[in-house]
Amino acid sequence: MSTVWEDNYSYTARNVRPSPVREMLAVIKQPGMISFAGGMPAPEVFPVDKFYEGAHVLKDDGKNLLQYGTTEGYAPLKEFLASFTAERMGRTVATDEMLLTTGSQQALELFASALIDRGDFVVTENPSYLAALTTFYNHGAQFLGIPTDNEGMKVDLLPGVIEKARAEGKKVKFIYTIVNFHNPGGSTMSLERRKKLVEISQRYDIPIFEDDPYGYVRYEGDHLPSIFSFDDKGGTLYAGSFSKILAPGSRIGWVTGNKEIIRKMVVFKQAADLCSSPICQSLVYEYCRKGYLSEHLPVIIETYRPKRDKMEECLQKYLAPYGVSWVKPEGGFFFWLDMPGIDSRELFKKAVEKKVAFVVGTPFCVDEAAGIDKARLNFTFVQPDVIEDGISRLAEAIGEMKA
Ligand SMILES: Cc1ncc(COP(=O)(O)O)c(C=O)c1O
């Protein structure tokens, strides 16, 4: 029997996809489970005391901070970000080229509202960030997945894909890319490909969404300029976030782009939440203003690099003998395993019995088949001393499947 709710659901609600990762949380929370599943920072690096130090702003400026804020975002934090990101962006952007969002997840949502009509096509890496795919899907998008290698999206394939899509009457609305330390792929787009992507975007008049929540979490090598910095025509929107470099609980992200698209996103944000929390924005600003963010980044990096190295050592020792391979991430949070001949959905069931969890590859892939023999492993959240235990349990599970 249908319910009053079911009868009245929107088209979107009838087709909406819950996040497989969020749905897995119950499993991950089982006692004794070693979780490589979530994309979470390590709580031990949260700068609780220094963050708390800024709480005096509530007394000093409470009458403003407890009021609604502007939709565009807390001006002092935008000014800080304009200068903090200047090197990456190629210049100090103006504050009206920036919008503060409730996490960069909201940037994806606002961008999708501004660009996607039902049936439009979005170009993404294949695999890509699950919650971006879900957001775009919920707005009615379909996908053109581009394979990746250790230099990121294979942009040389784009002209052919775009031309074919157009010949078939498909409307290609934008290119979504995670440039640094890809989630889930781990790769970073090379400088040459960044420039080429801008050239392709301009040649075909298709804008770019450059998603970069991990960019400042680099364990080795030099930072690369953003795609935004090469785009002299204003067709690239860059999204950053405090989630991985400070705390996801702050729920503060930012987007930088041409004033026209920023203004459009502001209008959608007015309808989404009026403004991001002025309290959170000012607490984050207090923290950043004192130079704490710049001091904190090396702490994060020094905490995560040994975890990444430990995980790679264990992958080499326990999983490589089964033909498993990966791109070593120069930063970020994830290893993406290529496991020829191993069905990750079967492996997940066995792994959970052995109390180790990861995320199966299928939901990250535009065509699920491409993700069957893939798995995403997070290395930032776990303690280094359990990584070996977890990977060896995974190897045991694979061994049993192969037996
Ligand atoms: C590639 C990518 N984009 C965006 C986000 C959203 O992050 P937040 O909303 O916490 O800023 C994430 C979170 O994991 C991510 O991995």
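**View 1. Phe-335 faces Leu-377 across a strand pair.** In this predicted model, Phe-335 stands opposite Leu-377, a residue of S13. The strands behind that pairing are S10 and S13 (residues 374-378), which run antiparallel and are joined by five bridges. Zoom out a little and you get an open sheet of three strands, ordered S10-S13-S12 and paired antiparallel. Its edges are S10 (334-338) and S12 (359-360), each of which pairs on one side only.

**View 2. An eight-stranded open sheet with mixed pairing.** Reading across this sheet, the strand order is S2-S9-S8-S7-S6-S3-S4-S5, and the pairing is mixed. Strand S2 (98-101) sits at one edge and strand S5 (152-153) at the other, each with a partner on one side only. Follow the order to the S5 end and you find S4 (residues 142-149) paired with S5 in the antiparallel sense, over two bridges. Asp-149 is the residue to pick out here, as it stands opposite Gly-152 in S5.

**View 3. The ligand and its polar contacts.** Which residues come nearest the ligand? Of the 13 around it, they are Ser-104, Asp-211, Tyr-214, Ser-241 and Ser-243. For Asp-211, an N or O atom of the side chain is 2.6 Å from a nitrogen atom of the ligand. On the oxygen side of things, Lys-244 has a side-chain N or O atom 2.9 Å from a ligand oxygen. Arg-251 also reaches a ligand oxygen atom, with a polar side-chain atom 2.9 Å away. How much of the ligand does the protein cover? On its own the ligand has 400 Å² of accessible area, and the protein covers 93% of that.

**View 4. What the ligand shell is made of.** If you're setting up a binding-site selection, here's the breakdown by class: four nonpolar, six polar and three charged residues. Helix H8 (residues 103-115) gives the largest share of this shell, with three residues.

**View 5. The second largest pocket.** This pocket holds about 250 Å³ of space. Its lining has 13 residues, and those nearest the centre are Pro-207, Gly-234, Asn-258, Glu-260 and Ile-261. Helix H8 turns up again here: H8, strand S8 (236-241) and helix H12 (259-272) each supply at least two of the lining residues. Sorted by class, the lining has seven nonpolar, four polar and two charged residues.

**View 6. Two cis peptide bonds, both ending in proline.** Most peptide bonds are trans, so these deserve a close-up. One cis bond joins Asn-126 and Pro-127, with omega at about 15 degrees. Pro-127 lies in the loop between strand S3 (121-126) and helix H9 (130-138). The other runs from Asn-183 to Pro-184 and is also cis, with omega near 10 degrees. Pro-184 belongs to the loop between strand S6 (172-178) and helix H11 (191-204).

**View 7. Asp-205 and its positive phi.** What is the phi of Asp-205? The value is near 55 degrees, which is positive although the residue is not glycine. For context, most residues other than glycine have a negative phi. Asp-205 sits in the loop between H11 and strand S7 (208-211).

Terms used. Residues numbered from 1 in each chain as written. Predicted model: local features only at pLDDT ≥ 70, side-chain atom pairs only at ≥ 80, totals over all residues. Heavy atoms only, no water. Near = heavy atom within 4 Å. Polar contact = N/O pair within 3.5 Å; in protein donor to acceptor, adjacent residues only side chain to side chain. Areas by Shrake-Rupley, 256 points an atom, 1.4 Å probe, with all protein chains shown as cover. Helix = DSSP H or I, 4+ residues; strand = E, 2+ residues; numbered from the N terminus. Nonpolar A, V, L, I, M, F, W, Y, C, P; charged D, E, K, R; others polar. 1 Å grid on protein atoms, 1.4 Å probe; cavity = no way out; pocket = protein on both sides within 12 Å on 5 of 7 lines; lining within 4 Å. Points joined across faces, edges and corners; volume = space filled by probe spheres on them. Pairing = 2+ DSSP bridges.
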